[in-house]
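The following exercises are to be solved with the sequence and the coordinates at hand. Each task is followed by a solution in steps.

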Amino acid sequence: MLKNSGGPSSMNILAVLQERFRAALAPLVEDPTDLLTMIRPSGDPKFGDYQANFAMPLGKKLGKPPHDVAAEVVAKLEVDDLCDPPEVAGPGFINLRVKDSWLAEAAGRALASERLDVTPAAQPRTYILDYSSPNVAKPMHVGHIRSTVIGDSLKRTLKFLGHRVIADNHIGDWGTQFGMIIYGFKNFLDRAAYQQEAVTELGRLYRLVNRLVSHLEAKQSLPALREQIEKQRAESARQAAAAKQTPADKNIAKAARRAEGNLKELEAALKEREAGIAAIENDPELSKLAAAHPDIDKSVLAETAKLHHGDEENLRLWREFLPPCLADIQKIYDRLGVTFDETLGESFYHDRLPGVVEEMISRGIARESDGAICVFLAGQPAPLVIRKQDGAFLYGTTDLATIQYRMERWKPDAILYVVDHRQSLHFEQLFGAARAWGYDQLELQHIAFGTVLGDDGRPFKTRSGDTVGLEGLLDEAVRRALEVVRTGDEHKPSGAEIAAEQQEVIAEVVGTGALKYADLATNRTSDYTFSYDRMLAMNGNTATYMQYAYARVRSIFARGDVDVAKLRASGGAIDLAHPAERSLAIGILQFSEALAQTAADYRPNLLTAYLYEVANRYSTFFEQCPVLKAPDEKTKTSRLLLCDLTARTLKQGLELLGIEVVEKM
RNA sequence: GCGCCUGUAGCUCAGGGGAUAGAGCAACGGUUUCCUAAACCGUAGGUCGCAGGUUCGAAUCCUGCCAGGCGUACCA
């Protein structure tokens with residue numbers, strides 16, 4: 001946060017305060033930087049707007065009563081222009097209340113600024129953002145939207161703060177799934193369907209082959225699983241007997257419970273696997289196919305290997321399949337308003353892989369183990385495998401080659417991977433290997449996020465157990481948004497005012513916005529429970545509420561026939577006499593702080609929380625402070641200016657989340 | 001077994017060393033001759049999983065335990 005602090009003219013109140021305190025603390029400590037992080041917005045309005053909490057630890061360090069230390073610092077502190085006289089409270093809290101006149105002036109500056117006077121980063125960095133990364137020909141699902149939406153928002157935010165950002169979509173266009181599609185194409189193609197809609201047919205082929213391969217693997221794994229169950233059953237019985245003999249020993253009882261649990265888990269897995277096998281075998285079509293392709297697993301690997309080794313026909317097919325698949329993915333990006341600066345898929349790095357492995361070996365970073373080439377890392381139980389026994393490369397190899405390429409081409413300061421938390425081990429290994437390879441000055445971050453759950457607390461699936469397609473998800477959100485827009489319009493005091501076609505345009509913005517916002521608003525490390533009703537609520541922390549607040553502002557301008565350009569140029573002053581006006585203004589002026597925090601922690605939910613706060617304060621202002629019917633012209637102008645600032649802050653903030661606004665809803 | 005994540009109000013979630021732990025939904029009560037009432041204001045609701053420890057101060061940091069999820073060398 002401190003590294004982004006602006007100059008004295010900055011709108012970032014916190015940064016200004018930190019500078020003032022830095023000067024006041026200089027005679028007392030060598031480096032006050034740590035203490036300055038202890039200045040923060042007050043938790044309770046009665047303690048003012050900001051509070052400095054460093055006097056307690058500092059008093060301890062200096063061996064003086066904290067209250068005296070606080071008083072000493074306050075005596076040296078020069079904030080007369082900025083704050084009311086600071087107060088020392090409790091054990092040594094320094095409470096600061098920003099002067100209304102200062103707030104009004106700062107608001108005036110924000111008004112005159114394109115970018116709402118948000119301070120750009122003092123030291124711009126180069127970021128590579130790796131997000132979305134769908135697998136070609138595998139349908140995108142609800143997990144991909146989270147990566148896409150979080151990544152897109154971080155991209156927008158970092159760019160807005162003045163950083164150089166390269167958004168690179170690392171598409172899965174070279175993996176085993178192509179072996180499956182090629183095998184399917186050669187054996188099960190419905191040519192008519194392919195000609196009509198290539199992607200749909202390729203998707204069908206992928207799912208069919210994938211199912212047959214899984215079926216085969218399941219069947220092959222049954223004996224081992226049964227054996228494991230027998231062993232576990234014996235173990236469980238042994239533990240149970242031991243527990244019976246010494247009932248007082250808690251550890252033994254616990255072990256017995258655990259063994260029993262393991263057994264149940266294995267039995268459930270067996271049952272599930274058997275049911276899956278039965279499902280195929282009871283299906284006359286599928287069982288015939290399964291019987292006719294008994295080596296399908298090996299054949300698929302062979303097709304993949306042929307592709308990777310430059311086989312003419314497979315390469316030709318790959319080139320044929322790729323464009324329609326990419327176009328299909330692009331359709332979703334267009335609808336979401338998501339863009340990338342580069343789309344360099346796995347295939348792009350194909351040529352580099354042998355060189356990467358050779359270099360890792362020759363430099364002693366990787367070595368052979370069980371026929372595979374591995375990078376063993378201190379503190380890691382498992383190595384990162386970069387070449388399989390059969391000579392094939394893995395995604396870790398590609399990831400290393402990708403880091404190498406990115407360093408050569410962009411020399412980034414940081415690479416951020418917005419990927420499901422389940423891959424955290426992989427990234428730990430990858431980052432360790434990259435550091436061993438010499439990329440130790442580079443910030444490598446796994447921006448992990450949790451799973452999207454359904455109402456039942458299980459991963460979000462349809463009733464029939466399929467993963468939910470993105471397209472359908474969007475359609476449903478938009479359909480429900482249309483209902484919200486329609487009923488909202490009907491309930492307006494002056495009656496409905498939006499034409500049917502316009503309602504549909506609005507519903508698209510509201511529906512996609514709701515979906516994105518839901519992904520952004522929870523702390524990304526935790527799982528979140530998906531609910532259309534909650535995400536489209538007009539109340540609470542939702543995009544809809546924010547969009548509604550924006551539309552209410554715009555409605556005032558429309559109804560009052562206000563020319564916003566003229567208003568801004570009018571030279572009118574902002575006056576903060578009413579508490580709701582003041583609270584709104586200081587909220588708006590904290591935009592810069594919210595963005596700095598969002599960027600520092602790579603957490604868009606800090607920005608959503610901020611916008612919710614602003615929208616909330618606006619609603620209060622809206623209730624308590626008539627604008628068009630303000631008591632006098634001066635107040636009316638001031639309130640209109642506040643409305644304009646609010647609208648611009650909400651619009652800009654939502655834009656950084658990748659969410660649009662509408663003039664009416 | 002080991003590793004990572006999670007556990008906060010009935011539900012969904014914020015807060016991740018600072019003063020009395022917050023919001024939305026659900027419940028209860030109030031506000032409309034007034035710029036969008038699907039709004040706003042208020043009431044009620046909590047041993048912050050449990051137990052220790054560090055600290056002037058712990059929901060927050062450390063240790064142990066309990067519960068759930070995920071992962072655990074040649075898939076991505």
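## Exercise 1: Overall description

Task: State how much of chain A is buried, and describe its secondary structure and extent.

Solution. Of the 665 residues of chain A, 50% count as buried. The model is a predicted one. Its secondary structure comes to 25 helices and 13 strands. The C-alpha trace spans about 85 × 70 × 60 Å along its principal axes. As for contacts between residues at least 6 apart in sequence, 73% join residues at least 24 apart.

## Exercise 2: Domains

Task: List the domains assigned to chain A, and characterise the contact of domain 1 with domain 2.

Solution. Begin with the bounds: the domain assignment gives domain 1 (2-98), domain 2 (99-169 + 450-665) and domain 3 (176-319). Domain 2 is thus written as two segments. Next, take the C-alpha centres of domain 1 and domain 2, which lie 32 Å apart. To the contact, domain 1 contributes 19 residues and domain 2 contributes 20 residues. Finally, the area buried between domain 1 and domain 2 is about 1800 Å², with 52% given by carbon and sulfur atoms.

## Exercise 3: Two helix pairs

Task: Determine whether H9 and H13 are roughly parallel or roughly perpendicular, and classify the residues of their contact. Then treat H6 and H18 likewise.

Solution, first pair. Helix H9 (residues 198-245) packs with helix H13 (residues 312-336) at an angle of about 100°, and their axes are 9 Å apart. Angles of 65 to 115 degrees count as roughly perpendicular, so H9 is roughly perpendicular to H13. H9 supplies Ala198, Val199 and Leu202 to the contact, while H13 supplies Phe321, Pro324, Cys325 and Asp328. By class, these residues are six nonpolar, no polar and one charged.

Solution, second pair. Helix H6 (residues 142-160) and helix H18 (residues 500-521) have axes 9 Å apart and pack at an angle of about 80°. The two helices are therefore roughly perpendicular to each other. On the H6 side the contact consists of Ile145, Arg146, Val149, Ile150, Asp152 and Ser153, and on the H18 side of Leu515, Lys516, Asp519 and Leu520. This contact has five nonpolar, one polar and four charged residues.

## Exercise 4: A covered helix

Task: Identify the buried residues of H22 and the helices against which they pack.

Solution. Helix H22 (residues 579-589) is mostly covered, with nine of its eleven residues buried. The buried residues are Ala580, Glu581, Arg582, Leu584, Ala585, Ile586, Gly587, Ile588 and Leu589. They pack against helix H1 (13-25), helix H5 (100-112), helix H23 (591-601), helix H24 (604-624) and helix H25 (633-656).

## Exercise 5: Two charged residues

Task: For Glu303, decide whether the residue is buried or exposed and name the residues that Glu303 touches. Describe the setting of Arg480 in turn.

Solution, Glu303. This residue is found in helix H12 (residues 296-308). Its relative accessible area is 10%; buried means under 20%, so Glu303 is buried. Leaving aside residues up to four places away in sequence, Glu303 touches Gly179, Ile182, Tyr183, Lys186 and Asn314.

Solution, Arg480. Helix H17 (residues 470-490) contains Arg480. With a relative accessible area of 26%, Arg480 is partly exposed. Arg480 touches Tyr532, Asp533 and Leu536, residues up to four places away in sequence again not being counted. The C-alpha atoms of Arg480 and Ala121 are separated by 40 Å, and the two residues are 359 residues apart along the chain.

Key:
Residues are numbered from 1 along each chain as its sequence is written. Chains are lettered from A and ligands numbered from 1 in the order in which they are written. This is a predicted model: local features need pLDDT of at least 70, side-chain atom pairs count only at pLDDT 80 or more; totals for chains, interfaces and linings use all residues. Side-chain values use heavy atoms; hydrogens and water are left out. Axes are lines fitted to C-alpha atoms, for helices over the stretch in contact, and angles run from 0 to 180 degrees between N-to-C directions. Helices (H or I, at least four residues) and strands (E, at least two) are DSSP runs, numbered from the N terminus. Angles under 35 degrees count as roughly parallel, over 145 as roughly antiparallel, 65 to 115 as roughly perpendicular and the rest as oblique. Contact means heavy atoms within 4.5 Å. Ala, Val, Leu, Ile, Met, Phe, Trp, Tyr, Cys and Pro count as nonpolar, Asp, Glu, Lys and Arg as charged, and the others, Gly among them, as polar. Buried means under 20% relative accessible area, exposed over 50%, partly exposed in between (1.4 Å probe, protein chains only). Domain bounds come from an automatic or database domain assignment. Buried area is the accessible area (1.4 Å probe) that two parts lose on being put together, summed over both.
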